[in-house]
Amino acid sequence: VCAGAGMASLFRELGADRIVTGGQTMNPSTEDILTEINRTPAETVFVLPNNKNIIMAAEQCIPLTESQKYGELEVAKIENMRIQAEQVAAGQRPTTADDAENGPEPCSAEPEKPFGAVAVCAGAGMASLFRELGADRIVTGGQTMNPSTEDILTEINRTPAETVFVLPNNKNIIMAAEQCIPLSEKNVVVIPTKTVPQGITALLSLDETATEEEITEGMAEAIASVHTALVTYAARDSDFDGHQIHAGEYLALLDGSLVGSYTNIDTLLDELSWSVDELAPAVISVYYGEDVHEEDADRAAAKLGACFPDAEISVVNGGQPVYYYMISIE
């Protein structure tokens, strides 16, 4: 399953017999996948959904292909009767296959306040921080694990507010968030935060006594003052903007641009400090990830603090995957 002529061509070159068009925001149906399975000239067919939201539709093809050994299927409906029985026992309407075809039935919370917020982030520490700052709902997601429009819409509808501000906190999630605007009965405002530090600053600026327009403008101004440094690692050899990167090296990025790759974290922090120096930081917040010990995070923050003695330094356990450090610079 893939989208785009180039991707389809590549999969064919690599040996795929059939292609099902689909991906993020345009999930193929079980029937679409089953059709291509049956057209594949092989006894055993391996299906690559390539999207977490398509896996179930692909798995539903397994009993259908088996049943076709005994005759031709005209209409197929797959329902979990055990779950239906539990729903009936709980006084709920049982979920049917028709619900899957028509999309999830919206469960919209009654408004209890004029404004609410939904934030996208990964890591228990980050989720806890956003809740402390006033986020009503959290959508788990981020780099390498983008949530679907449905995931975001579900949390928007569960937010007990008339207007819901959505903080995607990743440039690849902004579009999925914006697609929720016409799908919800609530008034949805997407603030185009591209990083988690931008999302934190935006949420801190939310003034519930202001108007929607004033809040939106205030958040836009707030995130414009935030620079984000990221420290991660190279999983394989690669080339980034002409820079040769080797597997296992530490990578430093500042506002999406590569600062460099290093074999030593102290050297990385020194070089990153040179890049940050021209920003004249007043506040530096270091969010450390799930693979970093608190003592190491404190040492990293102290090293940055030594370079910027006039800046206010804070260290927070974000618990985020992928990035050893997310550093907010204001």
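Start by selecting His-227, which stands opposite Ile-329 in β12. Strands here are DSSP runs of E of at least two residues, helices are runs of H or I of at least four, and both are numbered from the N terminus. The model is predicted: local features need pLDDT of at least 70 and side-chain atom pairs count only at pLDDT 80 or more, while totals for chains, interfaces and linings use all residues. Residues are numbered from 1 along each chain as its sequence is written, and side-chain values use heavy atoms, with hydrogens and water left out.

**Strand β5 and its partners**

Extend the selection to β5, residues 227-233. Of its 7 residues, 5 are buried, so the strand is largely enclosed by the rest of the structure. Buried means under 20% relative accessible area, exposed over 50%, and partly exposed in between, with a 1.4 Å probe and protein chains only. β5 pairs with β12 (residues 325-329) in the antiparallel sense over 5 bridges; two strands count as paired if DSSP finds at least two bridges between them. Now add β8: β5 pairs with this strand too, antiparallel and over 5 bridges. Thr-232 is the residue to pick here, with Leu-251 of β8 opposite.

**The parallel sheet**

Next, show the open sheet of 4 strands, ordered β2-β1-β3-β4 with parallel pairing. β2 (137-140) and β4 (187-190) stand at the edges with a single partner strand each, so one side of each has no neighbour in the sheet. On average, neighbouring strands are turned by 20 degrees against each other, direction ignored. Such angles run from 0 to 180 degrees between N-to-C directions, and the axes are lines fitted to C-alpha atoms, for helices over the stretch in contact.

Select β1, residues 113-121, which is joined to β2 by 4 bridges. Val-120 stands opposite Val-139 in β2. Then add helix α8 (residues 149-157), which packs on the sheet and touches β1, β2, β3 (161-167) and β4. Its direction makes about 170 degrees with that of β2. Helix α11 (residues 212-224) also packs on the sheet, touching β1, β3 and β4, and its direction makes about 10 degrees with that of β3. Contact means heavy atoms within 4.5 Å.

**The loop before α8**

Which residue should be selected in the loop between β2 and α8? Pick Pro-147, found in that loop and buried, with a relative accessible area of 2%. Leaving aside neighbours within four places in sequence, its contacts include Val-120, Val-139, Ile-152 and Ile-173. Ala-177 lies 30 residues away along the chain, and its C-alpha atom is 9.2 Å from that of Pro-147.

**The cores**

Select Phe-130 and Phe-165, the residues with the most contacts inside the largest nonpolar core, which has 31 residues. Such a core is a set of buried Ala, Val, Leu, Ile, Met, Phe, Trp, Tyr and Cys residues joined through side-chain atoms within 4.5 Å. At least two residues each come from β1, α7 (124-132), β3, α10 (196-204), α11 and β8 (250-254). Among the residues that Phe-165 touches are Phe-115, Val-189, Leu-206 and Met-219. A second, separate core of 22 residues includes Ala-252, Leu-272, Ala-311 and Tyr-325.

**Last stops**

Select Cys-180, which is buried at 0% relative accessible area, then Cys-307, partly exposed at 37%. To finish, show the whole chain: 13 helices and 12 strands, with buried residues making up 40% of its 330 residues.
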